[in-house]
Amino acid sequence: MQTQVFASNPVLRRYWYAVTRSGDVVPGPLAVTVLGEPLVLWRTADGVLTAARDRCPHREAPLSLGQVVESGIQCPYHGWTFDASGACVRIPSAPPERALPPAARLTTVHATERYGLAWVSLDAPVADIPAMAYDGETRFRRINTPVEVWQVSATRMADNFMDIAHLPWVHAGTIGRAQSTCVPPLILEQLDDTFYGYRYTIDVNNPDAAKVTSRTQAPVVTRWMTTGFALPFTTRSTIRFATGLEHILLLLTTPIDDVTSYFTFVVWRNDDFSVPADEVVAFDRRIGLEDKTMLERIPGVLPLDVTATASVQADRPSLAWRRRFAALLQGRG
Ligand code: FES
Ligand SMILES: [Fe+2]
């Protein structure tokens, strides 16, 4: 099987990736890995999210095994302490009047918080975190879900999230029994400044477990949808029901390495906020588990050369992602 390595491509180091929920850092340290790079996250005494390489410049111990102290993060090996800029502020073995060695610097990376999540960019970011139209609007609420680790290449996840031909098969246990298996022609377009994708209307199965989300009793419900991507690995699906209810899903995939990824999704909804958030997203989480179960059975990286796998018209959206992603890796993004 053809395996291509993408996670070491420096181009990808210049995008933002979601790594954990904001509330899960408190105060840290927390170890995460992005594009093969072990990182440590923590909050300063002022609450500012900070991220750095998880390797002490003294003898390379993982700082994520240390502790957050008033002045910064303290290494578990010899107690050196680093502030949020990466500067060493304390070396317990050296007399305090002694100047600190210049190489005693921790390499920090870009960190920020948005949509209830902590994001990192390993090098100077070339693009902003994808903009979500309804974020902050009072008629919409935002619902976060846990960040999971999938034993799946981010390439296969991005491909899957652009694909609707799998719904009647992979999602037969949830939404997938109502629609025709035949996918109508999908026209790709720039959906807004951020997302490239397609608009479509689809009938989905509306079992009891789905009614909390759809707020409709009918056995089958029509969704007016868009699905689009923002490179490298972000996908957004917008769903509008006949009742005017809108349900927006932001699907976030972060490569831990070539074949392992973080996955989380965020929902924005203009419902009456009466149903607890966890119940609203429970059905979406079941759908996500169906994707995970399928994808974890497919080893390796998706071949980025589109001629390496067979495709049909229904695959046009995922092929569009694959072509643009391959171009990005080649510096033609
Ligand atoms: S390895 Fe971190 S203080 Fe020595
Ligand atoms: Fe799916």
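## Second largest cavity

In this predicted model, the lining of the second largest cavity divides into 6 nonpolar, 4 polar and 1 charged residues. The residues concerned are Ile175, Val204, Asn205, Asn206, Ala210, Thr213, Ser214, Val221, Arg223, Phe241 and Phe283, and the elements that contribute two or more of them are strand E14, helix H3 (211–214) and strand E15. The volume of this second largest cavity comes to about 40 Å³.

## Largest cavity

The structure holds 2 cavities of 30 Å³ or more, and the largest cavity encloses about 390 Å³ of space. Its lining is made up of 25 residues, among which Ser237, Leu249, Leu251, Ile287 and Asp291 lie nearest the centre of the cavity. Two or more lining residues come from each of helix H1 (154–161), strand E14 (196–205), strand E15 (220–230), strand E16 (234–241), strand E17 (246–257), strand E18 (260–269) and helix H4 (277–295).

Sorted by class, the lining of the largest cavity comprises 15 nonpolar, 6 polar and 4 charged residues. Strands E14 and E15 thus appear among the elements that give two or more residues to the lining of the largest cavity, and they appear again among those that do so for the second largest cavity.

## Open sheet E5 to E8

An open sheet of 4 strands runs in the order E5-E6-E7-E8, with antiparallel pairing; its edge strands, each of which pairs on one side only, are E5 (67–69) and E8 (88–90). Strand E7 (residues 81–82) is joined to E8 in the antiparallel sense over 2 bridges, and Phe82 stands opposite Cys88 in E8.

Conventions
Residues numbered from 1 in each chain as written. Chains lettered and ligands numbered in written order. Predicted model: local features only at pLDDT ≥ 70, side-chain atom pairs only at ≥ 80, totals over all residues. Heavy atoms only, no water. Pairing = 2+ DSSP bridges. 1 Å grid on protein atoms, 1.4 Å probe; cavity = no way out; pocket = protein on both sides within 12 Å on 5 of 7 lines; lining within 4 Å. Points joined across faces, edges and corners; volume = space filled by probe spheres on them. Nonpolar A, V, L, I, M, F, W, Y, C, P; charged D, E, K, R; others polar.
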